[in-house]
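Me: Could you walk me through this model with a few questions and answers? I would like to see how each answer is reached.

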Amino acid sequence: FYEPKLLQDTPVSQLYPTENNAFGPIAYIGKSQAQGIQWLYSRLDLTKLSELKHACIQEMTLYVPLWGNSCGSMRYFGLPHRFCSFGSTWSNKIQRGKMLGYSHAEMGYAAIPLNNIYLYQTHLTESDGFVLTSAEHDQSMSTISTADHYTCPQILRVRYTK
């Protein structure tokens, strides 16, 4: 069964160029023996945040659970157009847009600032999403929870005023 989620995401892997793991609870960002190089495409479903439509937003941060000894430092890039969760593969992946920054480790989570992706001035805007890659040109590896992990979910923190 499909559960509607706040984030739509899809890991794509170099070693499985015509497949994706759209419902997988774990992603290996960077390079691993099991997946080769793996990226995670992600975007917010803003229809689930309708109560914030007229709010004045100061800060948005996505907290992604880290597994094992993952450092939490990953690069994230904007996307030139929207990805398809079920149709995206390594072979047809959307190329990365402008690098937007690095995540950082914070109490067992990778903290990813989303202000530069989802805020125009102080209000939420639609976005094509972002892609997470390794911080070290795909040579390091971080193991993270995806939006499909129900026991260790990703958390969105929004600071705003009405």
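Reply: Happy to; the answers below go through cysteines, cores, two polar residues and aromatic rings. This is a predicted model, in which local features need pLDDT of at least 70, side-chain atom pairs count only at pLDDT 80 or more, and totals for chains, interfaces and linings use all residues. Residues are numbered from 1 along each chain as its sequence is written, and side-chain values use heavy atoms, with hydrogens and water left out.

Me: How many disulfides does a search of the whole structure find?

Reply: A disulfide is a pair of cysteine sulfur atoms within 2.5 Å. The cysteine sulfur closest to that of C71 belongs to C152 and is 18 Å away, so the gap is too far for a bond. The search of the whole structure therefore gives a disulfide count of 0.

Me: Is C152 buried, partly exposed or exposed?

Reply: Buried means under 20% relative accessible area, exposed means over 50%, and partly exposed is in between (1.4 Å probe, protein chains only). C152 has 25% relative accessibility, so the class for C152 is partly exposed.

Me: Which element gives the most residues to the largest nonpolar core?

Reply: A nonpolar core is a set of buried Ala, Val, Leu, Ile, Met, Phe, Trp, Tyr and Cys residues joined through side-chain atoms within 4.5 Å. The largest one has 28 residues, and M60 is among the members that touch the most others. Helices (H or I, at least four residues) and strands (E, at least two) are DSSP runs, numbered from the N terminus. Elements giving two or more residues to this core include β4 (36–44), α1 (115–118) and β5 (56–67), and the top contributor, with 5 residues, is β5.

Me: Which residue's backbone oxygen lies 2.9 Å from a polar atom of the T10 side chain?

Reply: T10 is in strand β1 (residues 7–13), and its 0% relative accessibility makes it buried. Contact means heavy atoms within 4.5 Å; leaving aside neighbours within four places in sequence, T10 has contacts that include N20, W39, F83 and S85. The backbone oxygen 2.9 Å from the T10 side chain is that of S85.

Me: With which side chain does the side chain of S13 make a polar contact?

Reply: S13 is also placed in strand β1 and is buried at 5% relative accessibility. A polar contact is a pair of N or O atoms within 3.5 Å; within protein, one must be able to donate a hydrogen and the other to accept it, and residues adjacent in sequence count only if both atoms are side-chain atoms. At 2.7 Å, the partner of the S13 side chain is the side chain of Q35.

Me: Is the pair of F23 and F86 stacked, tilted or edge-to-face?

Reply: Rings of Phe, Tyr and Trp (its six-membered ring) pair if their centres lie within 6.5 Å; planes under 30 degrees apart count as stacked, over 60 as edge-to-face and the rest as tilted. The centres of F23 and F86 are 5.5 Å apart and the planes are at 45°, so this pair is tilted.

Me: Over which ring does the charged end of K93 sit?

Reply: A charge sits over a ring if NZ of Lys or CZ of Arg is within 6 Å of the ring centre and within 35 degrees of the ring normal. Ring pairs link W39, Y41, F83 and W90 into a cluster. The charged end of K93 is 3.9 Å from the centre of the ring it sits over, that of W90.
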